[in-house]
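Take a look at the chain below. This report walks through some of its helices, a pocket and a few single residues.

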Amino acid sequence: MTASATTSRQTTHIPIAASVMALGAGVVWSFGAVTARLAKQADAFQYLIWRSVGVLVVMEVMTAIRRQPMLLPKAYTSGKWMLSATFGLLLASLTFVYAVKTTTAANASFLGSVTPLAAVVLARLVLGERLSRVTLGAIVVAFIGLIVTVFGDLHAGNMVGNIAALTASVGFAIYTISVRSNPDADWSPVLPGYAAAMIVLCSVITLVNGETLFPPARDMAYALGHGAVFIVVGTMLFNHGSKHVPAVPMTVFAQTEMVFVPLWAFLVLSEAPKAATVVGGAIIFAAVVGKAVLDTAPGAVQPVQEY
């Protein structure tokens, strides 16, 4: 059940262990951008094939160990919202990895981090949820950040990558509102579901382009590790944390990926973000986190879920 509550009348205790898991999820996910950049000879589609193989194999092996039915069929037989979530994650993963391959890691991370704001807009259109003045203000501020970030790449030939990163945020937003339609449902089939679809889609694109399905072994290893470790472990940490941490703090915790992707890119790849990218990213970060903080300010009315 969901009810309206005034934050000034209640205190929300956020478990430390669950919060660390939620923060850790973003850190784990952030490593994936580095492996995608290190796989220099595999294009985005080849990389996604083998990353998806890693996700699919690990998820189904874990399911088999638990002696449970396969997850994959459930992704396509559990109703429209499960299909919507699967499509959203497919779109997000495809476009984000393409962005990482075609623009800077910092740009891909910052532009892709508007997901929480894209989600509330889609929630308004699809679920009929109201947009508060705080949300509208955050969207305006984030849009300014997007303009600053993109403006820094106007002459760098990375506009396609920037657009892909923004599309990724829409894909994640579709996934978010799909999950929000029934928070108590088991959404684990989405991972193998989108992974299988990705393997088929990217294999067809790769073959049509006249490329091989088997890039260099080193690049395949990077992709397999990304899927089997970073995607699966990060998602498990985030899902566990979300059961104990309210939605608004989770919005803040999820931004750790945005912070760490440029950091790893700088430390591992010696890829320093442009000044405009940093400024634009800071504005977007302020918009997303600022909205979360204002939503929990005394006197703010928001939906409160029972856990």
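Which residue caps the N-terminal end of α2? D43 does, with a side-chain oxygen 3.1 Å from the backbone nitrogen of F45. Keep in mind that this is a predicted model.

**The whole chain**

Start with the overall picture. The protein chain holds 13 helices and two strands. It has 307 residues, and 46% of them count as buried. Now take the contacts with a separation of 6 or more. Residues 24 or more positions apart account for 87% of these.

**Helix α2 and its ends**

Helix α2 covers residues 44–65, which makes 22 residues. From its first C-alpha to its last, α2 reaches 32 Å. That is close to the 32 Å expected at 1.5 Å a residue.

F45 sits in helix α2. Is F45 buried or exposed? F45 has a relative accessible area of 18%, so it counts as buried, because the cut-off for buried is under 20%. Its contacts beyond four places in sequence are L94, C202, I205 and T206. One of these partners is far along the chain: F45 and C202 are 157 residues apart in sequence, yet their C-alpha atoms are separated by 5.1 Å.

The other end of the helix has a feature too. R67 comes just after α2 and takes a positive phi of about 60°. Most residues other than glycine have a negative phi. R67 is not a glycine, but its phi is positive all the same. R67 belongs to the loop between α2 and α3 (72–77). With 80% relative accessibility, R67 counts as exposed.

**A covered helix**

Next comes helix α5, residues 105–112. How many of its eight residues are buried? The count is eight of eight, so α5 is mostly covered. The buried residues are A105, A106, N107, A108, S109, F110, L111 and G112.

**The second largest pocket**

Rolling a probe the size of a water molecule over the atoms shows where empty space is left. The second largest pocket has a volume of about 170 Å³. Which helices each supply at least two residues of its lining? They are α6 (115–127), α7 (133–151) and α8 (159–180). The most comes from α7, with four residues.

The lining is made up of V114, L117, A118, V121, I139, A142, F143, L146, L166, S169 and V170. By type, the lining residues divide into 10 nonpolar, one polar and no charged.

**T235 in helix α10**

T235 is placed in helix α10, residues 217–242. A relative accessible area of 14% makes T235 buried. The side chain of T235 reaches the backbone oxygen of I231 at 2.7 Å. Not counting residues up to four places away in sequence, T235 touches W29 and L191.

An α-helix has 3.6 residues a turn, so residues three or four places apart point the same way.

**Far in sequence**

Two more residues can be paired with partners far along the chain. V279 is found in helix α13, residues 275–295. N182 lies in the loop between α8 and α9 (190–208). V279 is partly exposed, with a relative accessible area of 44%. N182 is also partly exposed, at 36%.

The table sets their pairs beside that of F45. Distances run from C-alpha to C-alpha.

| Pair | Separation in sequence | C-alpha distance |
|---|---|---|
| F45 and C202 | 157 residues | 5.1 Å |
| V279 and V148 | 131 residues | 7.2 Å |
| N182 and M82 | 100 residues | 9.9 Å |

**Looking back**

Return to α2 for a last look. D43 caps its N-terminal end, and R67 follows just after the helix. Between these two, F45 has its place in the helix. F45 is buried, whereas R67 is exposed. Elsewhere, α7 gives the most residues to the lining of the second largest pocket, and T235 in α10 is buried.

Technical notes
Residues numbered from 1 in each chain as written. Predicted model: local features only at pLDDT ≥ 70, side-chain atom pairs only at ≥ 80, totals over all residues. Heavy atoms only, no water. Expected span 1.5 Å × (residues − 1). Polar contact = N/O pair within 3.5 Å; in protein donor to acceptor, adjacent residues only side chain to side chain. 1 Å grid on protein atoms, 1.4 Å probe; cavity = no way out; pocket = protein on both sides within 12 Å on 5 of 7 lines; lining within 4 Å. Points joined across faces, edges and corners; volume = space filled by probe spheres on them. Nonpolar A, V, L, I, M, F, W, Y, C, P; charged D, E, K, R; others polar. Buried < 20%, exposed > 50% of the residue type's maximum accessible area, 1.4 Å probe, protein only. Contact = heavy atoms within 4.5 Å.
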